[in-house]
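Open the model in your viewer and keep the sequence panel visible. The stops below are meant to be selected one after another.

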Amino acid sequence: MATHKRSAADPISGSSIYAHIVGWGMAVPDRIMTNEEMSAIVETSDEWIQARTGIKERRIAGERDSTATLGLKAAQRALEVADILPTEVELVIVATSTSENIFPSTASLIQDWLGASNAGAFDMSAACSGFVYAVHMAAQSIRSGSIKTALVVASETMSRVMDWQDRGTCILFGDGAGAVVLQASDVEGGVLSTVLRSDGSGYDLLGIPSVGSLDTCAPVVNPNGHKMYKMHMNGSEVFKFASRVIGESITQALDNVGLRLDEVKLIVPHQANDRIIQSAARALKVEKEIFISNIERYGNTSAASIPIALCEAIEQGRVQPNDYIVFVGFGGGLTWASMVVKWGAPEAEERQAAVLGKQRRQASYTLARWRARLIRFQRRLSNAVTRIRPNEGRVHRLRHKIDQHDLR
Ligand code: UT7
(Lines give C-alpha, C1' and ligand atoms only; values in the text may rest on other atoms or scores of the structure.)
Protein backbone atom coordinates (compact mmCIF):
# COMPACT_ATOMS: atom_id res chain seq x y z
CA MET A 1 0.00 0.00 0.00
CA ALA A 2 1.19 3.49 -0.78
CA THR A 3 2.61 5.61 1.99
CA HIS A 4 1.22 9.11 1.88
CA LYS A 5 2.83 12.12 3.48
CA ARG A 6 0.46 14.51 5.23
CA SER A 7 1.62 18.07 5.01
CA ALA A 8 0.43 21.27 6.64
CA ALA A 9 0.48 23.38 3.51
CA ASP A 10 1.82 23.21 -0.01
CA PRO A 11 4.75 25.65 -0.41
CA ILE A 12 3.47 26.93 -3.77
CA SER A 13 -0.25 27.33 -3.20
CA GLY A 14 -0.25 27.63 0.58
CA SER A 15 -3.20 25.24 0.59
CA SER A 16 -3.29 22.13 2.74
CA ILE A 17 -5.92 20.62 0.46
CA TYR A 18 -4.58 18.47 -2.38
CA ALA A 19 -6.38 17.44 -5.57
CA HIS A 20 -5.82 13.78 -6.41
CA ILE A 21 -6.79 11.86 -9.53
CA VAL A 22 -8.90 9.07 -8.06
CA GLY A 23 -10.71 7.77 -11.16
CA TRP A 24 -10.01 7.41 -14.87
CA GLY A 25 -11.71 5.99 -17.94
CA MET A 26 -11.62 6.04 -21.72
CA ALA A 27 -13.91 5.22 -24.63
CA VAL A 28 -13.23 4.95 -28.34
CA PRO A 29 -15.60 4.14 -31.20
CA ASP A 30 -15.57 0.54 -32.49
CA ARG A 31 -14.90 1.49 -36.10
CA ILE A 32 -11.20 1.26 -37.03
CA MET A 33 -9.98 3.11 -40.10
CA THR A 34 -6.61 1.92 -41.43
CA ASN A 35 -4.07 3.85 -43.46
CA GLU A 36 -4.96 1.68 -46.46
CA GLU A 37 -8.56 2.89 -46.25
CA MET A 38 -7.28 6.45 -45.96
CA SER A 39 -5.31 6.07 -49.18
CA ALA A 40 -8.59 5.32 -50.97
CA ILE A 41 -9.86 8.79 -49.95
CA VAL A 42 -6.81 11.04 -50.43
CA GLU A 43 -3.54 10.66 -52.27
CA THR A 44 -1.38 9.11 -49.57
CA SER A 45 0.03 5.75 -48.52
CA ASP A 46 0.44 3.59 -45.45
CA GLU A 47 4.25 3.97 -45.78
CA TRP A 48 4.09 7.79 -45.87
CA ILE A 49 1.70 8.06 -42.92
CA GLN A 50 3.64 5.62 -40.76
CA ALA A 51 7.02 7.11 -41.60
CA ARG A 52 5.98 10.76 -41.12
CA THR A 53 3.60 10.35 -38.14
CA GLY A 54 3.77 6.86 -36.59
CA ILE A 55 0.02 6.36 -37.16
CA LYS A 56 -1.29 3.00 -38.40
CA GLU A 57 -4.99 3.40 -37.71
CA ARG A 58 -7.54 5.60 -35.97
CA ARG A 59 -11.09 5.25 -34.61
CA ILE A 60 -14.00 6.89 -36.38
CA ALA A 61 -17.29 7.78 -34.66
CA GLY A 62 -20.30 5.79 -35.86
CA GLU A 63 -23.81 7.12 -36.39
CA ARG A 64 -24.73 6.56 -32.76
CA ASP A 65 -21.51 8.09 -31.39
CA SER A 66 -21.12 11.74 -30.55
CA THR A 67 -18.77 13.86 -28.47
CA ALA A 68 -21.21 13.61 -25.55
CA THR A 69 -21.90 9.85 -25.82
CA LEU A 70 -18.19 9.00 -25.99
CA GLY A 71 -17.52 11.42 -23.13
CA LEU A 72 -20.34 9.88 -21.09
CA LYS A 73 -18.85 6.37 -21.43
CA ALA A 74 -15.40 7.59 -20.37
CA ALA A 75 -16.96 9.50 -17.45
CA GLN A 76 -18.95 6.49 -16.26
CA ARG A 77 -15.78 4.39 -16.26
CA ALA A 78 -13.93 7.08 -14.31
CA LEU A 79 -16.73 7.22 -11.68
CA GLU A 80 -16.52 3.43 -11.48
CA VAL A 81 -12.80 3.49 -10.68
CA ALA A 82 -13.31 6.35 -8.19
CA ASP A 83 -16.23 4.41 -6.69
CA ILE A 84 -18.40 7.47 -6.22
CA LEU A 85 -21.97 8.41 -7.05
CA PRO A 86 -22.67 11.04 -9.74
CA THR A 87 -24.35 13.19 -7.09
CA GLU A 88 -20.96 13.61 -5.38
CA VAL A 89 -19.57 15.42 -8.44
CA GLU A 90 -19.69 19.21 -8.00
CA LEU A 91 -18.07 20.33 -11.25
CA VAL A 92 -18.05 18.84 -14.76
CA ILE A 93 -15.60 20.28 -17.29
CA VAL A 94 -15.46 18.96 -20.84
CA ALA A 95 -12.38 19.83 -22.88
CA THR A 96 -13.31 19.65 -26.54
CA SER A 97 -12.95 21.29 -29.94
CA THR A 98 -15.89 19.32 -31.33
CA SER A 99 -18.64 20.24 -28.91
CA GLU A 100 -22.14 18.91 -29.57
CA ASN A 101 -23.41 22.48 -29.83
CA ILE A 102 -21.99 25.96 -29.48
CA PHE A 103 -24.30 25.87 -26.50
CA PRO A 104 -25.60 24.14 -24.47
CA SER A 105 -22.26 22.73 -23.44
CA THR A 106 -21.37 19.08 -23.89
CA ALA A 107 -20.57 19.21 -20.17
CA SER A 108 -24.21 20.03 -19.37
CA LEU A 109 -25.40 17.04 -21.42
CA ILE A 110 -22.99 14.68 -19.67
CA GLN A 111 -23.89 16.19 -16.28
CA ASP A 112 -27.56 15.47 -16.98
CA TRP A 113 -27.04 11.95 -18.36
CA LEU A 114 -24.94 11.01 -15.34
CA GLY A 115 -27.45 12.44 -12.90
CA ALA A 116 -24.74 14.72 -11.46
CA SER A 117 -27.44 16.97 -10.08
CA ASN A 118 -25.13 18.83 -7.67
CA ALA A 119 -22.65 19.90 -10.34
CA GLY A 120 -21.94 23.00 -12.37
CA ALA A 121 -20.86 22.25 -15.94
CA PHE A 122 -19.02 23.98 -18.76
CA ASP A 123 -16.91 23.27 -21.84
CA MET A 124 -13.27 24.25 -22.11
CA SER A 125 -11.79 25.44 -25.40
CA ALA A 126 -8.01 25.13 -25.47
CA ALA A 127 -7.74 22.67 -28.38
CA CYS A 128 -5.28 19.83 -27.79
CA SER A 129 -4.06 21.44 -24.53
CA GLY A 130 -7.65 21.40 -23.22
CA PHE A 131 -7.32 18.40 -20.93
CA VAL A 132 -4.39 19.88 -18.98
CA TYR A 133 -6.15 23.26 -18.77
CA ALA A 134 -9.33 21.59 -17.51
CA VAL A 135 -7.57 19.44 -14.91
CA HIS A 136 -5.82 22.58 -13.67
CA MET A 137 -9.16 24.44 -13.32
CA ALA A 138 -10.71 21.48 -11.51
CA ALA A 139 -7.69 21.04 -9.23
CA GLN A 140 -7.66 24.75 -8.36
CA SER A 141 -11.36 24.64 -7.47
CA ILE A 142 -10.64 21.74 -5.16
CA ARG A 143 -7.51 23.29 -3.63
CA SER A 144 -9.36 26.53 -2.90
CA GLY A 145 -11.78 24.52 -0.77
CA SER A 146 -14.82 25.49 -2.83
CA ILE A 147 -15.54 21.94 -4.03
CA LYS A 148 -14.44 18.41 -3.12
CA THR A 149 -15.02 16.42 -6.29
CA ALA A 150 -14.68 17.26 -9.98
CA LEU A 151 -15.03 15.34 -13.21
CA VAL A 152 -12.88 16.29 -16.20
CA VAL A 153 -13.80 14.80 -19.56
CA ALA A 154 -11.93 15.29 -22.82
CA SER A 155 -13.92 14.09 -25.79
CA GLU A 156 -13.58 14.58 -29.53
CA THR A 157 -15.22 13.58 -32.79
CA MET A 158 -12.48 15.00 -34.98
CA SER A 159 -13.61 12.95 -37.98
CA ARG A 160 -16.61 15.31 -38.23
CA VAL A 161 -14.51 18.44 -38.66
CA MET A 162 -11.97 16.97 -41.06
CA ASP A 163 -11.62 18.33 -44.56
CA TRP A 164 -11.51 14.93 -46.23
CA GLN A 165 -9.83 16.47 -49.25
CA ASP A 166 -6.87 17.77 -47.24
CA ARG A 167 -4.30 14.98 -46.86
CA GLY A 168 -2.21 17.22 -44.60
CA THR A 169 -4.82 16.96 -41.81
CA CYS A 170 -7.33 14.13 -42.39
CA ILE A 171 -4.71 11.39 -42.06
CA LEU A 172 -3.76 12.58 -38.59
CA PHE A 173 -6.90 12.74 -36.50
CA GLY A 174 -9.21 10.24 -34.80
CA ASP A 175 -12.10 10.11 -32.35
CA GLY A 176 -12.22 9.17 -28.68
CA ALA A 177 -12.68 10.29 -25.09
CA GLY A 178 -10.94 10.11 -21.74
CA ALA A 179 -11.98 11.24 -18.27
CA VAL A 180 -10.62 11.65 -14.77
CA VAL A 181 -12.21 12.23 -11.37
CA LEU A 182 -10.37 14.56 -9.01
CA GLN A 183 -10.99 14.61 -5.31
CA ALA A 184 -9.87 16.65 -2.31
CA SER A 185 -7.53 15.08 0.22
CA ASP A 186 -5.20 16.21 2.99
CA VAL A 187 -2.67 13.66 1.73
CA GLU A 188 0.22 15.41 0.01
CA GLY A 189 0.35 14.76 -3.76
CA GLY A 190 -1.97 14.88 -6.75
CA VAL A 191 -1.66 17.91 -9.02
CA LEU A 192 1.51 19.67 -7.86
CA SER A 193 2.35 22.17 -10.56
CA THR A 194 0.94 23.51 -13.81
CA VAL A 195 2.27 25.76 -16.55
CA LEU A 196 -0.41 27.14 -18.89
CA ARG A 197 0.60 29.27 -21.88
CA SER A 198 -0.93 30.82 -24.97
CA ASP A 199 0.39 32.66 -28.00
CA GLY A 200 -2.62 33.87 -29.97
CA SER A 201 -0.37 35.33 -32.67
CA GLY A 202 -0.39 31.78 -34.05
CA TYR A 203 -4.21 31.70 -34.26
CA ASP A 204 -4.13 31.06 -38.02
CA LEU A 205 -1.77 28.07 -37.87
CA LEU A 206 -4.39 25.62 -36.68
CA GLY A 207 -8.12 26.01 -36.25
CA ILE A 208 -11.77 25.29 -37.02
CA PRO A 209 -13.69 28.43 -38.07
CA SER A 210 -17.15 28.68 -36.54
CA VAL A 211 -20.23 30.90 -36.82
CA GLY A 212 -18.73 34.11 -35.47
CA SER A 213 -15.61 33.92 -37.61
CA LEU A 214 -14.34 36.71 -39.84
CA ASP A 215 -12.31 33.98 -41.47
CA THR A 216 -15.29 32.58 -43.37
CA CYS A 217 -17.83 35.44 -43.18
CA ALA A 218 -15.57 38.20 -44.47
CA PRO A 219 -13.24 36.61 -47.01
CA VAL A 220 -12.16 40.07 -48.17
CA VAL A 221 -10.76 40.83 -44.73
CA ASN A 222 -9.42 37.33 -44.19
CA PRO A 223 -8.61 35.75 -47.51
CA ASN A 224 -7.45 32.47 -45.98
CA GLY A 225 -10.01 30.34 -47.78
CA HIS A 226 -10.68 28.32 -44.66
CA LYS A 227 -13.85 26.28 -44.69
CA MET A 228 -16.52 26.76 -42.04
CA TYR A 229 -16.41 23.98 -39.40
CA LYS A 230 -13.45 22.30 -41.12
CA MET A 231 -10.01 21.98 -39.61
CA HIS A 232 -7.07 23.71 -41.25
CA MET A 233 -3.45 23.42 -40.17
CA ASN A 234 -0.01 24.60 -41.17
CA GLY A 235 1.62 21.30 -40.26
CA SER A 236 5.29 22.20 -40.45
CA GLU A 237 4.88 25.41 -38.38
CA VAL A 238 2.87 23.57 -35.73
CA PHE A 239 5.49 20.82 -35.74
CA LYS A 240 8.28 23.32 -35.00
CA PHE A 241 6.23 25.07 -32.30
CA ALA A 242 5.36 21.76 -30.61
CA SER A 243 8.93 20.45 -30.65
CA ARG A 244 10.08 23.68 -28.93
CA VAL A 245 7.42 24.12 -26.23
CA ILE A 246 7.23 20.55 -24.93
CA GLY A 247 10.71 20.62 -23.41
CA GLU A 248 10.45 24.22 -22.22
CA SER A 249 7.14 23.81 -20.42
CA ILE A 250 8.00 20.45 -18.83
CA THR A 251 11.19 21.99 -17.44
CA GLN A 252 9.22 24.97 -16.06
CA ALA A 253 6.58 22.78 -14.42
CA LEU A 254 9.26 20.62 -12.77
CA ASP A 255 11.30 23.66 -11.64
CA ASN A 256 8.18 25.03 -9.93
CA VAL A 257 8.22 22.10 -7.50
CA GLY A 258 11.97 21.56 -7.37
CA LEU A 259 11.91 18.26 -9.23
CA ARG A 260 14.48 16.95 -11.70
CA LEU A 261 13.56 15.19 -14.90
CA ASP A 262 15.29 12.01 -13.73
CA GLU A 263 12.76 11.83 -10.87
CA VAL A 264 9.90 11.59 -13.38
CA LYS A 265 8.59 8.11 -14.09
CA LEU A 266 6.41 8.84 -17.10
CA ILE A 267 5.57 11.67 -19.48
CA VAL A 268 2.10 11.52 -21.04
CA PRO A 269 2.29 13.82 -24.07
CA HIS A 270 -0.43 14.92 -26.45
CA GLN A 271 -0.32 12.32 -29.23
CA ALA A 272 0.16 14.46 -32.34
CA ASN A 273 3.06 12.86 -34.17
CA ASP A 274 5.62 10.28 -33.06
CA ARG A 275 8.38 12.42 -34.56
CA ILE A 276 7.37 15.32 -32.27
CA ILE A 277 7.78 13.03 -29.27
CA GLN A 278 11.19 11.88 -30.55
CA SER A 279 12.30 15.45 -31.04
CA ALA A 280 11.11 16.45 -27.54
CA ALA A 281 13.00 13.48 -26.07
CA ARG A 282 16.16 14.65 -27.86
CA ALA A 283 15.67 18.23 -26.60
CA LEU A 284 15.24 17.02 -23.02
CA LYS A 285 18.10 14.51 -23.39
CA VAL A 286 15.97 11.60 -22.18
CA GLU A 287 15.16 8.19 -23.64
CA LYS A 288 12.04 8.21 -25.79
CA GLU A 289 10.66 5.40 -23.60
CA ILE A 290 9.90 7.85 -20.77
CA PHE A 291 7.07 9.09 -23.05
CA ILE A 292 4.03 6.91 -23.57
CA SER A 293 2.93 6.73 -27.18
CA ASN A 294 -0.21 5.07 -28.52
CA ILE A 295 -0.55 7.22 -31.63
CA GLU A 296 -0.19 4.20 -33.91
CA ARG A 297 -3.65 2.93 -32.84
CA TYR A 298 -5.65 6.14 -32.35
CA GLY A 299 -3.96 8.94 -34.30
CA ASN A 300 -4.39 12.40 -32.84
CA THR A 301 -7.56 12.57 -30.73
CA SER A 302 -6.93 16.21 -29.80
CA ALA A 303 -7.88 16.99 -26.16
CA ALA A 304 -8.71 13.32 -25.52
CA SER A 305 -5.25 11.98 -26.36
CA ILE A 306 -3.63 12.58 -22.94
CA PRO A 307 -6.33 10.93 -20.80
CA ILE A 308 -6.58 8.01 -23.26
CA ALA A 309 -2.79 7.50 -23.08
CA LEU A 310 -2.95 7.86 -19.27
CA CYS A 311 -5.60 5.11 -19.04
CA GLU A 312 -3.44 2.80 -21.17
CA ALA A 313 -0.32 3.59 -19.09
CA ILE A 314 -2.22 2.69 -15.90
CA GLU A 315 -3.52 -0.49 -17.56
CA GLN A 316 0.05 -1.43 -18.50
CA GLY A 317 1.26 -0.87 -14.92
CA ARG A 318 3.45 2.06 -15.96
CA VAL A 319 2.11 4.30 -13.19
CA GLN A 320 2.58 3.32 -9.55
CA PRO A 321 1.76 5.07 -6.26
CA ASN A 322 4.15 7.93 -5.45
CA ASP A 323 5.41 8.15 -9.04
CA TYR A 324 5.86 11.62 -10.46
CA ILE A 325 4.22 11.84 -13.86
CA VAL A 326 3.95 14.74 -16.30
CA PHE A 327 1.20 15.67 -18.75
CA VAL A 328 2.09 17.92 -21.68
CA GLY A 329 -0.34 19.29 -24.25
CA PHE A 330 -0.01 21.69 -27.19
CA GLY A 331 -2.15 22.81 -30.07
CA GLY A 332 -4.52 25.42 -31.47
CA GLY A 333 -4.47 28.89 -29.98
CA LEU A 334 -1.60 28.42 -29.98
CA THR A 335 -1.80 26.93 -26.51
CA TRP A 336 0.44 24.66 -24.51
CA ALA A 337 0.42 23.28 -20.99
CA SER A 338 2.44 21.05 -18.68
CA MET A 339 1.43 19.53 -15.37
CA VAL A 340 3.28 17.56 -12.71
CA VAL A 341 1.25 15.00 -10.77
CA LYS A 342 2.33 12.87 -7.85
CA TRP A 343 0.41 9.68 -8.43
CA GLY A 344 -1.19 7.63 -5.72
CA ALA A 345 -4.83 8.07 -5.03
CA PRO A 346 -5.40 7.85 -1.27
CA GLU A 347 -7.27 4.73 -0.24
CA ALA A 348 -11.05 4.95 -0.35
CA GLU A 349 -11.45 5.25 3.43
CA GLU A 350 -8.90 8.07 3.50
CA ARG A 351 -10.90 9.86 0.83
CA GLN A 352 -13.98 9.25 2.97
CA ALA A 353 -15.72 8.00 -0.13
CA ALA A 354 -18.57 5.67 0.50
CA VAL A 355 -17.99 2.19 -0.95
CA LEU A 356 -20.72 1.94 -3.50
CA GLY A 357 -21.95 -0.88 -5.64
CA LYS A 358 -22.03 -0.76 -9.41
CA GLN A 359 -25.78 -1.22 -9.11
CA ARG A 360 -26.27 2.07 -7.27
CA ARG A 361 -24.45 3.95 -10.01
CA GLN A 362 -26.43 2.15 -12.73
CA ALA A 363 -29.64 3.01 -10.86
CA SER A 364 -28.50 6.62 -10.73
CA TYR A 365 -27.97 6.71 -14.54
CA THR A 366 -31.40 5.18 -15.17
CA LEU A 367 -32.99 7.61 -12.74
CA ALA A 368 -31.23 10.51 -14.47
CA ARG A 369 -32.69 9.43 -17.82
CA TRP A 370 -36.21 9.21 -16.44
CA ARG A 371 -35.84 12.44 -14.49
CA ALA A 372 -34.81 14.32 -17.66
CA ARG A 373 -37.70 12.74 -19.62
CA LEU A 374 -40.16 13.63 -16.89
CA ILE A 375 -38.99 17.24 -16.67
CA ARG A 376 -39.21 17.63 -20.46
CA PHE A 377 -42.68 16.04 -20.46
CA GLN A 378 -43.84 18.39 -17.68
CA ARG A 379 -42.53 21.35 -19.68
CA ARG A 380 -44.39 20.22 -22.81
CA LEU A 381 -47.55 19.57 -20.83
CA SER A 382 -47.51 22.95 -19.17
CA ASN A 383 -46.92 24.64 -22.55
CA ALA A 384 -49.81 22.71 -24.08
CA VAL A 385 -52.11 23.69 -21.21
CA THR A 386 -51.12 27.36 -21.62
CA ARG A 387 -51.88 27.11 -25.33
CA ILE A 388 -55.30 25.55 -24.72
CA ARG A 389 -56.16 28.07 -22.01
CA PRO A 390 -54.22 31.17 -23.03
CA ASN A 391 -55.84 33.35 -20.41
CA GLU A 392 -55.01 31.03 -17.54
CA GLY A 393 -51.73 32.78 -16.71
CA ARG A 394 -53.40 36.17 -16.75
CA VAL A 395 -56.28 34.94 -14.62
CA HIS A 396 -53.82 33.41 -12.18
CA ARG A 397 -51.82 36.66 -11.90
CA LEU A 398 -55.00 38.65 -11.44
CA ARG A 399 -56.16 36.32 -8.67
CA HIS A 400 -52.79 36.69 -7.01
CA LYS A 401 -53.06 40.48 -7.17
CA ILE A 402 -56.54 40.36 -5.71
CA ASP A 403 -55.37 38.13 -2.88
CA GLN A 404 -52.41 40.42 -2.18
CA HIS A 405 -54.29 43.70 -2.18
CA ASP A 406 -57.60 42.42 -0.88
CA LEU A 407 -59.47 44.25 -3.62
CA ARG A 408 -62.63 42.22 -3.22
O1 UT7 B 1 -2.82 18.33 -32.42
C2 UT7 B 1 -2.42 19.59 -32.84
C3 UT7 B 1 -0.99 19.61 -33.10
N4 UT7 B 1 -0.72 19.10 -34.43
C5 UT7 B 1 0.48 18.73 -34.73
O6 UT7 B 1 1.34 18.73 -33.89
C7 UT7 B 1 0.81 18.34 -36.17
C8 UT7 B 1 2.19 18.81 -36.49
N9 UT7 B 1 2.56 18.56 -37.86
C10 UT7 B 1 2.84 17.34 -38.37
O11 UT7 B 1 2.67 16.36 -37.70
C12 UT7 B 1 3.43 17.26 -39.73
O13 UT7 B 1 3.76 18.54 -40.18
C14 UT7 B 1 2.51 16.58 -40.80
C15 UT7 B 1 2.38 15.09 -40.50
C16 UT7 B 1 1.16 17.23 -40.82
C17 UT7 B 1 3.14 16.71 -42.16
O18 UT7 B 1 4.40 16.12 -42.17
P19 UT7 B 1 5.67 16.89 -42.76
O20 UT7 B 1 6.79 15.98 -42.68
O21 UT7 B 1 5.76 18.21 -42.02
O22 UT7 B 1 5.26 17.09 -44.25
P23 UT7 B 1 5.15 18.46 -45.06
O24 UT7 B 1 3.89 19.15 -44.72
O25 UT7 B 1 6.44 19.23 -44.96
O26 UT7 B 1 5.06 17.89 -46.53
C27 UT7 B 1 6.14 17.14 -47.12
C28 UT7 B 1 5.65 16.54 -48.42
C29 UT7 B 1 4.92 17.55 -49.30
O30 UT7 B 1 5.19 17.23 -50.64
P31 UT7 B 1 6.28 18.07 -51.48
O32 UT7 B 1 5.77 19.50 -51.41
O33 UT7 B 1 7.56 17.87 -50.76
O34 UT7 B 1 6.18 17.47 -52.80
C35 UT7 B 1 3.46 17.27 -49.02
O36 UT7 B 1 2.64 17.59 -50.09
O37 UT7 B 1 4.71 15.51 -48.12
C38 UT7 B 1 3.51 15.76 -48.83
N39 UT7 B 1 2.40 15.28 -48.03
C40 UT7 B 1 1.92 14.04 -48.11
N41 UT7 B 1 2.26 13.00 -48.89
C42 UT7 B 1 1.58 11.86 -48.75
C43 UT7 B 1 1.71 15.95 -47.06
N44 UT7 B 1 0.77 15.15 -46.52
C45 UT7 B 1 0.88 13.96 -47.17
C46 UT7 B 1 0.18 12.75 -47.06
N47 UT7 B 1 0.56 11.72 -47.87
N48 UT7 B 1 -0.81 12.56 -46.20
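**Around the ligand, then the sheet**

Begin with the ligand in this predicted model. Select helix H2 (46-53), helix H6 (167-170) and helix H8: each of these helices gives at least two residues to the shell around the ligand. Which helix supplies the largest share of that shell? Helix H8 does, with five residues.

Now show the whole shell, which has 21 residues. Label the ones that come nearest to the ligand: Thr44, Arg167, Gly235, Ala272 and Asn273. Colour the shell by class, and you should find 10 nonpolar, nine polar and two charged residues.

Next, select residues 235-256, which make up helix H8. Helix H8 packs on a sheet, where it touches E8, E11, E12 and strand E13 (335-342). Look along E13 and compare directions: helix H8 makes an angle of about 40 degrees with that strand.

Hide the helix and turn to the sheet itself. Four strands form it, in the order E8-E13-E12-E11. The sheet is open, and its pairing is mixed. Which strands lie at the edges? Select 190-198 for strand E8 and 264-269 for strand E11; each of these pairs on one side only. From one strand to the next, the twist averages 15 degrees.

For the last stop, zoom in on E11 and strand E12 (residues 324-331). These two strands run in the parallel sense and pair over five bridges. Select Val268 and look across to E12: Phe327 stands opposite.

How values were computed:
Residues numbered from 1 in each chain as written. Predicted model: local features only at pLDDT ≥ 70, side-chain atom pairs only at ≥ 80, totals over all residues. Pairing = 2+ DSSP bridges. Axes fitted to C-alpha atoms, helices over the stretch in contact; angles between N-to-C directions. Contact = placed C-beta atoms within 7 Å. Near = placed C-beta within 6 Å. Nonpolar A, V, L, I, M, F, W, Y, C, P; charged D, E, K, R; others polar.
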